[in-house]
Amino acid sequence: MNSELFSQQVQDIGEQGLLERLQRFCPPEIIGDDAAVLVTAPEQSLVVTTDVLVDGVHFSNVTTSPEDAGWRAAAANLSDLAAMGATPLGITVGLGLPGEVRVSWVEQLYQGMTECLKKYNTSIVGGDVVRSPVTTLAITAFGQVSPHRIIRRSTAVVGDAIVITGVHGASRAGLELLLHPELGQHLNDAERTALILTHQRPQPRLDVLPILWKILPCPMPISGMDSSDGLADAIIQICRASGVGAVLERRKIPVPKTFNHWLTQEQALEYALYGGEDFELVLCLPKESASALVQHLGEDAAIIGSITSGSTVLLQDEQKKFPDQVLSLSQGFQHFGQ
């Protein structure tokens with residue numbers, strides 16, 4: 001790349017010049033008007049979600065390349081759609097930038113977004129660019145779902161099994177390895193790279209939905225959400241919305257096998273429950289359906305507990321080697337927390 005073009009700043013080409021560059025990442029037949037027009041299939045409900053990401057809070061040049069920041073931003077929104085049972089239609093991007101940001105950085109950010117979206121046949125269909133004292137990325141994603149297949153937080157019932165897809169804690173481990181390269185000395189290069197990629201390039205679990213619809217009798221209410229803010233957070237939020245409690249079995253929570261090489265059991269559990277940004281699904285459904293889903297998804301998915309009466313979310317150890325623990329939101333990350 002020409003060094004002059006690489007060092008070019010947003011303020012050098014202005015708003016219209018930047019918009020012209022960014023429109024290359026959008027379908028030409030959709031952009032160009034005041035708003036995008038998205039067509040949903042017949043008998044489908046429109047699902048809309050928005051995430052705001054701020055430099056220094058959600059991403060950092062220390063741990064995240066612009067391409068990875070773009071991928072993670074798109075993945076977070078697609079994960080929210082998956083958590084509602086929806087398939088994606090498109091996203092819009094609101095971008096706030098200081099004038100001295102390099103144009104190449106912005107283009108790489110959009111390249112990361114489009115790489116993630118392409119995997120799910122989704123496109124950037126519009127957005128806005130404004131001047132800002134700090135780099136801010138606001139994405140709105142649109143999806144569609146049949147009304148009887150909407151996954152909500154508020155429909156869990158006593159006796160439901162709690163299923164989680166994938167392992168938990170890997171993203172937090174990847175972040176720690178990026179921030180502190182001296183950690184994980186017993187990991188080989190492939191193991192280290194796998195954990196880091198889990199943090200930098202998370203995979204929204206849209207692949208779970210076709211399996212879910214195949215095995216479930218229809219209609220059947222499913223309760224759930226994604227674990228982007230941590231596994232404990234997801235279960236507590238579901239229980240609060242549904243007016244129920246839960247009992248979890250600590251030894252059934254799947255964590256990466258590589259954790260045995262460098263983390264204690266307590267550290268591994270902390271990463272799994274409160275690390276966040278794993279972007280897996282947490283689902284509450286009848287036991288037979290839960291077992292069928294786990295069988296289809298393979299060894300990383302697991303039934304980790306059940307929904308109970310009351311309001312307490314209790315973590316227990318069947319072997320009684322660890323005391324029972326009541327889970328709370330105060331232990332995970334909270335914006336504006338003290």
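## Helix α8

Let's start inside the fold, with helix α8, which covers residues 231-242. This helix has twelve residues and reaches 17 Å from its first C-alpha to its last, close to the 16 Å expected at 1.5 Å a residue. Please keep in mind that the model you are looking at is predicted.

Nine of the twelve residues of α8 are buried, so the helix is largely enclosed by the rest of the structure. The buried set consists of Leu 231, Ala 232, Asp 233, Ala 234, Ile 235, Ile 236, Ile 238, Cys 239 and Ser 242. After α8 comes Gly 243, with a positive phi near 70°.

## Ser 242, a residue of α8

Ser 242 belongs to helix α8 and is worth a visit of its own. Its relative accessibility is 16%, and because buried means under 20%, Ser 242 counts as buried. Leaving aside residues up to four places away in sequence, Ser 242 touches Arg 153, Ser 154, Thr 155, Ala 156 and Ser 223.

Try finding Ser 311 as well. Ser 242 and Ser 311 are 69 residues apart in sequence, while their C-alpha atoms are 9.5 Å apart in space.

## The whole chain

Now step back and take in the full view. The protein chain contains ten helices and twelve strands. Its C-alpha atoms fill a box of roughly 65 × 55 × 35 Å along the principal axes. For 338 residues, a compact globule would have a radius of gyration near 20 Å, and the 21 Å of the protein chain agrees with this.

Buried residues account for 50% of the 338 residues. Looking at contacts between residues at least 6 apart in sequence, 86% join residues at least 24 apart.

## Surface and charge

On the outside, the protein chain exposes about 16300 Å², and carbon and sulfur atoms supply 51% of that area. The chain carries 23 positive and 38 negative charges, and the mean positions of these two groups are 6 Å apart.

## Two more helices: α3 and α9

Helix α3 takes up residues 66-83. At 1.5 Å a residue, its 18 residues should span 26 Å, and the end C-alpha atoms are indeed 26 Å apart. The helix is mostly covered, with 17 of its 18 residues buried. Gly 85, which follows α3, has a positive phi near 85°.

In helix α9, the buried residues include Ala 268, Leu 269, Tyr 271, Ala 272, Leu 273 and Tyr 274. What do the buried residues of α9 pack against? Their partners are α5, α8 and β11, so here we meet helix α8 again. Following α9 is Gly 276, whose phi is positive, near 80°.

## Ile 307 in strand β10

Strand β10 spans residues 302-308, and Ile 307 is part of it. This isoleucine is buried, with a relative accessible area of 3%. Beyond residues up to four places away in sequence, Ile 307 touches Ala 156, Val 157, Val 158, Gly 159, Asp 160, Ile 162, Cys 239, Val 244, Gly 245, Ala 246 and Cys 284. One of these, Cys 239, is also among the buried residues of α8, and another, Ala 156, is touched by Ser 242 too.

For a view across the chain, look from Ile 307 to Asn 260. They are 47 residues apart along the chain, and 29 Å separates their C-alpha atoms.

## Gly 166, a buried loop residue

Gly 166 sits in the loop between β6 (161-164) and α5 (170-179). Is this loop residue buried or exposed? At 8% relative accessibility, Gly 166 counts as buried.

Apart from residues up to four places away in sequence, Gly 166 touches Arg 205, Pro 254, Glu 280, Asp 300 and Ala 301. Ala 41 lies elsewhere: 125 residues separate it from Gly 166 along the chain, and their C-alpha atoms are 30 Å apart.

## Two positive phi angles to look for

Most residues other than glycine have a negative phi. With that in mind, visit Glu 277, which is not a glycine yet has a positive phi of about 60°. Glu 277 is found in the loop between α9 (265-274) and β9 (281-285). With a relative accessible area of 25%, Glu 277 is partly exposed.

Lys 320 also has a positive phi of about 60° without being a glycine. Its place is the loop between β11 (313-316) and β12 (325-326). At 62% relative accessibility, Lys 320 counts as exposed.

Key:
Residues numbered from 1 in each chain as written. Predicted model: local features only at pLDDT ≥ 70, side-chain atom pairs only at ≥ 80, totals over all residues. Heavy atoms only, no water. Helix = DSSP H or I, 4+ residues; strand = E, 2+ residues; numbered from the N terminus. Rg over C-alpha atoms; globule rule 2.2 N^0.38 Å. Buried < 20%, exposed > 50% of the residue type's maximum accessible area, 1.4 Å probe, protein only. Contact = heavy atoms within 4.5 Å. Areas by Shrake-Rupley, 256 points an atom, 1.4 Å probe, with all protein chains shown as cover. Lys, Arg positive; Asp, Glu negative; His and termini not counted. Charge placed at Lys NZ, Arg CZ, Asp CG, Glu CD. Expected span 1.5 Å × (residues − 1).
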